[in-house]
Amino acid sequence: MQVFITGASGFVGTTLCNWLMAGGWRVCALSRSDTAARRLPKGVEPIIGDPTQPGDWQEKVMACDAAINLAGASIFGRWNEKYKALIRSSRVQTTTNLCQAIAARPGGRDFSLVSASAVGYYGFSDDRILDEDSPPGDDFLATVCRDWETATEEATGSGARVVNARFGIVLGSGGGALGQMLPLFRWGLGGRLGSGKQWFSWIHQTDLTTALKLCLEDERLAGPVNCCAPGPVTNAELTKALAGVLRRPAVLPAPAFAVRLALGEFGSVLLEGQRVLPRRLEKARLAFRFPDVGSALADLL
């Protein structure tokens, strides 16, 4: 069985490629350049192409049995209109082109697509518990996620089984949110953001890899699947846990106005959040190795 992956050179994609190959999958991965292709794990077949543009790379998709779509520009940083357009196009246009290729595959051939989305789909909320049946939000990231998932409908219409994997914030040793937070906390300059009451739905990179492999291989899963740990925490709880693991103080809170002044619109993503539970992964009996944030941070650090 052969799987086509976009976004394979990121810290989630790299781990996933190794797990899939260990499980007997043949993996080919789309890379924008030879330089990017050299970062892929040994044994992965590189395919050179731009996922936001139609191209010869789509022919390889048609020859595969499945695809995992992880492509997307990072949301971390100060947004302007140009970068917001990149956040959208790197997700929506890539997914559109991928699904056009899936829809053009030989008739009657079974196909599975696991396409990344995010818990940002639900927008900002208070203490309400959200699951896969909760409605979407209306802020920028929620709109991007909604359009991102809508772009997979062409694959669904062609008979493919499609999973929209809504990621929580991924905690990993190779980058992501934890990589942004660690320097300040190691210097003893960490602290809660704003009130600290905002919810933080997260997942350890190992559990995310397990979840994605399950979504790929379990034919009972289709539609939205929340890929987050069963123990969401508030920002204040995350701050306390991270400071405790690092044995550093965390007594310098960042006022909400300062976060918004420094990061603009992206600041609202850090100051508000979602309390999301992985109902469908739990129903599928996924065994989380790191269900609580303390054990996750202890493992990673």
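In which helix does leucine 263 lie? In this predicted model, leucine 263 is part of helix α10, which covers residues 256-263. With a relative accessibility of 23%, leucine 263 counts as partly exposed, because a residue is called buried under 20% relative accessible area and exposed over 50%. When residues up to four places away in sequence are set aside, leucine 263 touches Gly77, Arg78, Trp79 and Leu270. One of these contacts joins distant parts of the chain: leucine 263 and glycine 77 are 186 residues apart in sequence, and their C-alpha atoms are 6.7 Å apart in space.

## The whole protein

The secondary structure of the protein comes to 13 helices and 13 strands. A compact globule with 301 residues would have a radius of gyration near 19 Å, and the protein, with 19 Å, agrees with this. Along its principal axes the C-alpha trace spans about 60 × 40 × 40 Å. Buried residues make up 53% of the 301 residues, and, of the contacts with a separation of 6 or more, 78% are between residues 24 or more positions apart.

## Aromatic rings

The count of aromatic pairs comes to five. In one of them, the rings of phenylalanine 76 and phenylalanine 266 have their centres 5.8 Å apart and their planes at 75°, so this pair is edge-to-face. Phenylalanine 76 lies in the loop between β4 (66-69) and α4 (81-103), whereas phenylalanine 266 lies in helix α11 (residues 266-271), so the pair ties together parts that are 190 residues apart in sequence. Phenylalanine 76 counts as partly exposed, at 30% relative accessibility, while phenylalanine 266, at 3%, counts as buried.

A further pair is formed by tryptophan 79 and phenylalanine 140, whose ring centres are 5.3 Å apart and whose planes stand at 65°, so this pair is edge-to-face as well. Tryptophan 79 lies in the loop between β4 and α4, and phenylalanine 140 in helix α5 (residues 140-150), so here the parts tied together are 61 residues apart in sequence. Both tryptophan 79 and phenylalanine 140 are buried. Ring pairs link Phe76, Trp79, Phe140 and Phe266 into a cluster.

Charged side chains also lie over aromatic rings. Lysine 84 lies over the face of phenylalanine 140, at 4.8 Å from the ring centre, and arginine 91 lies over the face of tryptophan 148, at 5.1 Å from the ring centre.

## Nonpolar cores and a helix face

In soluble globular proteins, nonpolar side chains tend to be buried together. The largest nonpolar core here has 43 residues, of which Val3, Ile5, Leu20, Ile68, Leu70, Phe167 and Leu212 touch the most other members. Helix α8 (residues 205-217) gives the largest share of this core, five residues. Leucine 70, leaving out residues up to four places away in sequence, touches Ile5, Thr6, Gly7, Val12, Gly13, Leu16, Ala116, Phe167 and Leu212. Apart from this core lies another, of 18 residues, among them Leu178, Ala229, Leu242 and Phe290.

Which residues of helix α13 are buried? In this helix, which runs over residues 293-300, they are Val293, Ala296, Leu297 and Leu300. Seen down the axis of α13, these buried residues fall within an arc of 95°, so they line one face of the helix. An α-helix has 3.6 residues a turn, so residues three or four places apart point the same way. The cover over the buried residues of α13 includes β8 (169-172), α7 (176-186), β10 (202-204), β12 (233-234) and α9 (235-246).

## Residues in loops

Valine 44 lies in the loop between α2 (34-37) and β3 (45-48), and, with a relative accessible area of 10%, valine 44 is buried. Beyond its neighbours within four places in sequence, valine 44 is in contact with Cys17, Met21, Val27, Cys28 and Ala29. Valine 44 and leucine 98, by C-alpha positions, are 19 Å apart in space and 54 residues apart in sequence.

The table sets out two arginines that have a positive phi although neither is a glycine.

| Residue | Phi | Loop | Relative accessibility |
|---|---|---|---|
| Arginine 247 | near 55° | between α9 and α10 | 76%, exposed |
| Arginine 285 | about 65° | between α12 (279-283) and α13 | 74%, exposed |

Conventions: Residues are numbered from 1 along each chain as its sequence is written. This is a predicted model: local features need pLDDT of at least 70, side-chain atom pairs count only at pLDDT 80 or more; totals for chains, interfaces and linings use all residues. Side-chain values use heavy atoms; hydrogens and water are left out. Rings of Phe, Tyr and Trp (its six-membered ring) pair if their centres lie within 6.5 Å; planes under 30 degrees apart count as stacked, over 60 as edge-to-face and the rest as tilted. Helices (H or I, at least four residues) and strands (E, at least two) are DSSP runs, numbered from the N terminus. Buried means under 20% relative accessible area, exposed over 50%, partly exposed in between (1.4 Å probe, protein chains only). A charge sits over a ring if NZ of Lys or CZ of Arg is within 6 Å of the ring centre and within 35 degrees of the ring normal. The arc is that of the directions from the helix axis to the C-beta atoms. Contact means heavy atoms within 4.5 Å. A nonpolar core is a set of buried Ala, Val, Leu, Ile, Met, Phe, Trp, Tyr and Cys residues joined through side-chain atoms within 4.5 Å. The radius of gyration is taken over C-alpha atoms; the globule rule is 2.2 Å times the number of residues to the power 0.38.
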